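The exercises below ask for a careful reading of one chain, from the packing of its helices down to single residues. Each task is followed by a solution that proceeds step by step.

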Amino acid sequence: MKTIVTFLIIGCSLLSAEKPYFQQHVSYTIDVKLDDENHTLTGFESLVYTNHSPDTLTFLWYHLWPNAYRNDESAFAKQKFEQGSTRFYYSSEEDRGYIDSLDFKINDISLNWEFHPQWNDVAKLELPEPLAPGDSITITTPFFVKLPVVFSRLGHTGKHYEITQWYPKPAVYDRYGWHPMPYLDMGEFYSEFGRFDVTITLPREYRIMATGVLVDGEKEYAWLDSLSLVTDSLFALDKKAFKKAMKSRTGGKHKFKKSSDKKDIESTEREWKTLHFHQDKVHDFAWFADPKWLVRKGSLWLADSTREVTLWSMFLPKNAKLWENSVEYLHDAGYWYSRFYGDYPYQHITAVDGDMSAGGGMEYPNITVISSGGSKDILEMVIMHEVGHNWVYGILGSNERDHAWMDEGLNEYTNIRYWEKKYPDRDRAIIVSEKIQKKLHIGEHIRIDWATGYIGYVNRALKGDDQPIELPSAQYYRANYGSIIYGKTGIFSRYFQSLVGEDIINNIYHDYYETWKFKHPYPDDFKSIVRKYIPEGADWYLDDVFNTTKAVDYAVTSLKNGEAQIVNYGTLAPPVPLVAYDSEGNVLEEKIIPGFQGNQSINLPANTRQIALDPAQRLPDLNLVNNFSSHPVNFKFIFDQPDYSKHTIYWLPWLFYYNTYNGLPVGIMAYSGMIPGYPYGISVVPLFDYANNTLAGFATIKKTWYQTRGFKNAELHLSADRFYGHSGVNLGLKATRRNTIKSVPAMDLKMDFFYHNLYDDAAFNNSLYTAGSLSVLRGSVTYRHTPNPLLNYSVTAGIEGAVSNADFWKIHLTSRGRYRWTKNIQTNWRVWTGGFLSHSNVPAQYATYMGGGVDPDFENRFVYDRMNSFSDSRINLYDEQYIADGPGLRGRAIDGNQVFSTVKPAFGLNLSQSLPKLPVKVFVDLAGEPEFGLLTDAGIILSGGGVEIFIPLYQSWDQDAFVNDGNWIKERARFSFSFSNTRIGF
């Protein structure tokens, strides 16, 4: 009996053990023709599939990814909709795409196949005979692809073509089994290595570049060479001539007729070319074509100077100036990645200017498409990132869908290394806008790791919305995909390098590359190589950083008599550098403190006057401010990346608060904090009011807590102001409760105490405001939700009342929302009902106004006019400026000089409706109150530049209810600022 049990245990162990490494091989031969009138591909594919696994296969999973664009039922379409995008949802049938005309055969015998039960872009092919280990089969099929407009990666924009994920492709079968997967926009790919021979037929005028090299392509290469010489000559022109040349080459948009409107064009009427591309040891094939690209060419000689890599850059004339140095970026990316990992093994590196919608760029073997720039630094960052994918995941062919950090995260880390190596004098700085950063010195020290990693990660981690790095792509919340997979992996990996040293890191990545190039590594394969060089002390990085959401928050709590007290408020415990300084800032001691939880005492030289934890500020610490024992003050103009070792005060001129009482007061804003890494914020805006020859201004101080008492974040603020004949103080608390990770549904709680002193009676219309001082309390609870991209709504219950110098309490219930019916038609609504619980002494500004509000608590700093009495001679608040409050009639709710205001219960319904193919919206309002009865109005809304203009066409309360001439409209038109009820300037 004991022997039988032993055999059973051994048998079960063998069945559950991981299979030894193996790798399938696919050899493709594809012949395809582009129809640029109908935007289609007609092709034929023959592939040889070799089974290197120890298993006998009876079927193959296939990817048919163009079907992702067929209908709203694809995984791609569902993902985009769930993420809030309606572009594909509202797209026309003409703009969508698919793959069909498939007839899979082996030895001219058609195979039985069926679509995956969940995904229309994955199919299962039944083999007529089992495929034994070591055997091969040849599968052929014709195929037809209708190219979509570019919604993600595959498609066209006019006659610009991006042909990616376009051919029938077997899924990966590896030691963990089959990996069939649908196409996703957020979430990339996993494919078998093999050989590609692709023959492409297209009109002769197209510039085309693809994976692989041309076979017998001397004529085509000569033409591209000639185009590159022309482009070089254009860049030699002076600025004016260059601009003129680019304008002439840009022309208009590509023109093409719909196939239903044109006569069939015989192939003999056009000049065509057929090009043969070949590449071995790649797992994908992509090609791009455009008839207007400018072409540039360069070379990269690898370190041993024995092999030349050709560099191609192809870009649209409108982007020529931005792409001027693109060959340099290709060269440097190829050079540094070869240094970091190992030599580039292929014959060309190409970047093309594209229109891809799935991010700033997308990588394919040998070639990348770039769809964003903005500045030369940003373009270089995108090019180096996408070129870097030739190594991870192009050569190190990991499963991007299930372990995206092995692709995007390690690449993002390598991007930081690249930037530091290429620009050692910049201290990691990037230039987003040369005019702003270099000429005005605003934000001139923004570092690549801070901007692309730290900000996003810390914003998510502080609120508990972080996710582990080691998750399948589909499990990431949209906001976390970039901040965690890219950013968190990148900055923690760079910090890890700072601890272990560059030499060890180089050994790790060189070993990883040599061991796993042209193979399929998994996380444990990478981690085992790290542990090979760092057998002890890497668990915090390899386990905690990748597999948990533990976070670090080291802090210096005291420094006395050569002894420092430091604490870790977080749950992640990496080693941390500590540097001790004397009173002159000279370094007395440097050491690495092993990771710890809780408190720790550190003995230092007796003359230590200040200490810093991680003075290089590489550690992704949730609160970097408390890593330093002291913070000298410095000043910066407008903004720069914060130096958390200093107390930085930013300043800027302030000229933004014009109104009829103060005129245009001038002053400055000074602020500190307010940005990631700081748990506080302070802003002061002193102004001189020339109109009244007095000082005015605003000041705010706030403190933020995260994950406290069931709330994701809570902010306590104290603000004071003296402006527009009013001085006051506001003490407020706002907090948000919601589920982890997702932003909605959410519950917002707000509580405020206001002290108001309306000290200048001349500043106010006494029909709308009661001068003097009073104190009020206000509270509200708001529930908000966006169930899908078509609908969002909120419901707010609020109460406000006086606690001194007045006697009233009022309540209200407000709902706002929007529903999108079609791409261009949506309905917005606002419903309000409210009234007074008591009203024995109600200052005028707290009455219920039927036609909007008067901002009684002075939160809106863009109120134009509070002071005029009603007249036809000048604009005044209630006549003209609309602030959504109360029943909210957008018409001029006035009878002569009598404002429609009340302390009785009232209600209002406000509807706005966009119209198809018209740049205006219509509005309809319905309001009611016992004295005024039922009031209605209707009109149109013009909007632009942050301003909405309401033009009533009907007001039920007027003697002339309907518009009858221009003066009728002129007397009733109103406006609002779209940023009303916000505090610009913190």
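**Exercise 1.** In this predicted model, determine how the axes of helix α11 and helix α12 are arranged relative to each other, and which residues bring the two helices into contact.

*Solution.* Begin with the axes: those of α11 (residues 478-500) and α12 (residues 502-516) come within 7 Å and cross at roughly 120°. An angle over 145 degrees would count as roughly antiparallel, and 65 to 115 as roughly perpendicular; the crossing angle falls in neither range, and α11 and α12 are therefore oblique to each other. Next, look at the contact itself, where Phe496, Gln497 and Val500 of α11 meet Glu502, Ile504 and Ile505 of α12. Sorted by class, the residues of this contact are 4 nonpolar, 1 polar and 1 charged.

**Exercise 2.** Carry out the corresponding analysis for α11 and helix α14, giving the distance and crossing angle of the axes.

*Solution.* The axes of α11 and α14 (residues 539-547) come within 11 Å, with a crossing angle of roughly 170°. Since an angle over 145 degrees counts as roughly antiparallel, this places α11 roughly antiparallel to α14. On the α11 side the contact is made by Lys488, Thr489, Phe492, Ser493, Tyr495, Phe496 and Leu499, and on the α14 side by Trp540, Tyr541, Val545 and Phe546. The count by class is 8 nonpolar, 2 polar and 1 charged residues.

**Exercise 3.** Decide whether Phe698 is buried or exposed, and describe its surroundings.

*Solution.* Phe698 belongs to strand β35, which covers residues 694-708. Its relative accessible area is 7%, and because buried means under 20%, Phe698 is buried. If neighbours within four places in sequence are set aside, Phe698 is in contact with Tyr657, Ser683, Val684, Val685, Leu687, Ala720, Asp721, Phe723 and Arg861. For one of these partners, Phe723, the C-alpha atom is separated from that of Phe698 by 7.9 Å, although the two residues are 25 apart along the chain.

**Exercise 4.** Establish where Thr608 sits and what its side chain reaches.

*Solution.* Thr608 lies in the loop between β29 (598-603) and β30 (610-613). With a relative accessible area of 4%, Thr608 is buried. The side chain of Thr608 reaches the backbone oxygen of Pro605 at 2.8 Å. Not counting residues up to four places away in sequence, Thr608 also touches Leu559, Ala580, Tyr581 and Leu588.

**Exercise 5.** Two residues other than glycine, Asn366 and Lys917, have a positive phi; find the loop that holds each, and state whether each is buried or exposed.

*Solution.* Take Asn366 to begin with: its phi is near 75°, and its place is the loop between β23 (361-364) and β24 (367-370). A relative accessible area of 1% makes Asn366 buried. Turning to Lys917, the phi is near 65°, and the residue is found in the loop between β47 (906-914) and β48 (921-929). Lys917 has a relative accessibility of 85%, and therefore counts as exposed.

**Exercise 6.** Judge from the radius of gyration how compact the chain is.

*Solution.* The chain contains 16 helices and 51 strands. Its radius of gyration is 33 Å, close to the 30 Å that the globule rule gives for 986 residues, so the chain is as compact as a globular protein of that length. Buried residues make up 54% of the 986 residues.

Conventions:
Residues numbered from 1 in each chain as written. Predicted model: local features only at pLDDT ≥ 70, side-chain atom pairs only at ≥ 80, totals over all residues. Heavy atoms only, no water. Helix = DSSP H or I, 4+ residues; strand = E, 2+ residues; numbered from the N terminus. Buried < 20%, exposed > 50% of the residue type's maximum accessible area, 1.4 Å probe, protein only. Contact = heavy atoms within 4.5 Å. Polar contact = N/O pair within 3.5 Å; in protein donor to acceptor, adjacent residues only side chain to side chain. Axes fitted to C-alpha atoms, helices over the stretch in contact; angles between N-to-C directions. Parallel < 35°, antiparallel > 145°, perpendicular 65-115°, else oblique. Nonpolar A, V, L, I, M, F, W, Y, C, P; charged D, E, K, R; others polar. Rg over C-alpha atoms; globule rule 2.2 N^0.38 Å.
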